[in-house]
Amino acid sequence: LILLDYDGTLVFFSDKPERAKPDAELLQLLSLLSRDERNEVVIISGRDKETLDRWFGQMPLGLIAEHGVWIKEEGMGWEMIEPLQGDWKEEIRPILEQYMDRTPGSFVEEKEFSLVWHYRKADPELASLRARELKDALLHLTANLDLTVLEGSKVLEIKNLEVNKGRAAMRWISKEEWGFILAIGDDLTDEDLFAVLPPEAYSIKVGLGPSKSRFNLDSPSEVRLLLGELI
């Protein structure tokens with residue numbers, strides 16, 4: 001079982017999320033990994049299900065979208081991990097748009113069941129200050145709405161509290177007695193995944209910083225080298 005985050009793990013971050021499309025090398029790696037019927041490869045991403053379908057829908061992969069909201073097993077259709085409401089976005093969106101206006105270069109992305117404030121292209125010092133302010137403001141609001149605020153790489157994402165990558169990954173982890181489990185991710189959302197792995201699993205964080213993972217790699221380039229070695 002091979003559980004792989006996408007952005008920051010398989011590809012480097014891009015100023016615009018739509019530019020971080022899988023390249024030919026990555027598609028070949030995933031194709032070779034998943035071609036062996038003894039392997040189960042799952043992409044676990046914060047991206048929406050339409051994007052993952054467009055990029056990987058024709059490959060024999062499992063897909064998890066929006067950090068665990070949507071699940072797609074190989075050869076099956078998309079299903080929601082549990083019924084969710086998105087009406088809370090009407091209350092939160094104006095706050096994000098206010099911070100977008102106050103932080104040139106930042107923008108708001110709306111997914112089906114989450115909202116994301118991106119600040120990778122903004123002035124680093126100003127963006128860091130605004131991110132702290134926004135997180136504090138959101139924490140007061142979301143406490144009563146069953147929402148959580150995720151801090152990723154130059155992003156703040158607001159989503160339903162019950163949903164996370166670890167819970168979604170359990171669909172595969174509990175499916176059978178795996179002879180080998182590998183999970184790779186790069187940010188705080190992946191800590192939920194590392195937390196549900198059995199002790200014998202291989203967990204790898206891309207980058208430095210505290211983590212529940214057992215090992216570290218420096219970059220997506222090293223992740224690809226490792227996957228190539230596995231193949």
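How do the axes of helix α3 and helix α4 cross, and within what distance do they come? In this predicted model, the axes of α3 (residues 89–102) and α4 (residues 124–142) come within 11 Å. They cross at roughly 165°. Angles over 145 degrees count as roughly antiparallel. The two helices, α3 and α4, are therefore roughly antiparallel to each other. Their crossing is right-handed.

The contact draws on residues from both helices. On the α3 side stand E91, I92, I95, L96, Y99 and R102. They meet L126, R130, E133, L134, A137, L138 and L141 of α4. By class, the residues of this contact comprise nine nonpolar and four charged, with no polar ones.

Both helices also pack on a sheet. This open sheet has four strands, in the order β6-β7-β9-β8, and its pairing is antiparallel. β6 (107–110) and β8 (147–151) are the edge strands, each pairing on one side only. From one strand to the next, the twist averages 20°. Helix α3 lies across β6, β7 (114–118), β8 and β9, and runs at about 5° to β7. Helix α4 touches β7, β8 and β9. The direction of α4 makes about 165° with that of β8.

Within this sheet, strand β9 (residues 155–160) pairs with two neighbours. β8 and β9 run antiparallel and are joined by five bridges. Here L150 stands opposite E157 of β9. L147 has N160 as its bridge partner in β9. The two strands, β8 and β9, form a hairpin with three residues between them. In the turn, K154 has a positive phi of about 60°. β7 pairs with β9 in the antiparallel sense, also over five bridges. In that pairing, W117 stands opposite L156 of β9. Six of the six residues of β9 are buried, so the strand is largely enclosed by the rest of the structure.

A second sheet was examined next. It is open, has eight strands and shows mixed pairing. The strand order is β5-β4-β3-β2-β1-β10-β11-β12. Its edge strands are β5 (79–80) and β12 (215–217), and each pairs on one side only.

Strand β10 (residues 182–185) lies between β1 and β11 in the strand order. Strand β1 (residues 2–5) and β10 run parallel, joined by three bridges. I2 stands opposite L182 of β10. L4 has I184 as its bridge partner in β10. Strand β11 (residues 202–206) also pairs with β10 in the parallel sense, over four bridges. L182 stands opposite Y202 of β11.

In a regular strand, side chains alternate between the two faces of the sheet. Both faces of β10 are covered. L182 and I184 are buried on one side. A183 and G185 are buried on the other.

Two further helices lie across strands of the eight-stranded sheet. Helix α2 (residues 49–56) lies across β2 (41–44), β3 (62–65) and β4 (70–72). It runs at about 155° to β3. Helix α5 (residues 165–173) lies across β1, β2, β3, β4 and β5. Helix α5 runs at about 165° to β3.

Definitions and conventions: Residues are numbered from 1 along each chain as its sequence is written. This is a predicted model: local features need pLDDT of at least 70, side-chain atom pairs count only at pLDDT 80 or more; totals for chains, interfaces and linings use all residues. Side-chain values use heavy atoms; hydrogens and water are left out. Axes are lines fitted to C-alpha atoms, for helices over the stretch in contact, and angles run from 0 to 180 degrees between N-to-C directions. Angles under 35 degrees count as roughly parallel, over 145 as roughly antiparallel, 65 to 115 as roughly perpendicular and the rest as oblique. A crossing is left-handed if the near helix is turned anticlockwise from the far one by less than a right angle, and right-handed if clockwise. Contact means heavy atoms within 4.5 Å. Ala, Val, Leu, Ile, Met, Phe, Trp, Tyr, Cys and Pro count as nonpolar, Asp, Glu, Lys and Arg as charged, and the others, Gly among them, as polar. Two strands pair if DSSP finds at least two bridges between them. Buried means under 20% relative accessible area, exposed over 50%, partly exposed in between (1.4 Å probe, protein chains only).
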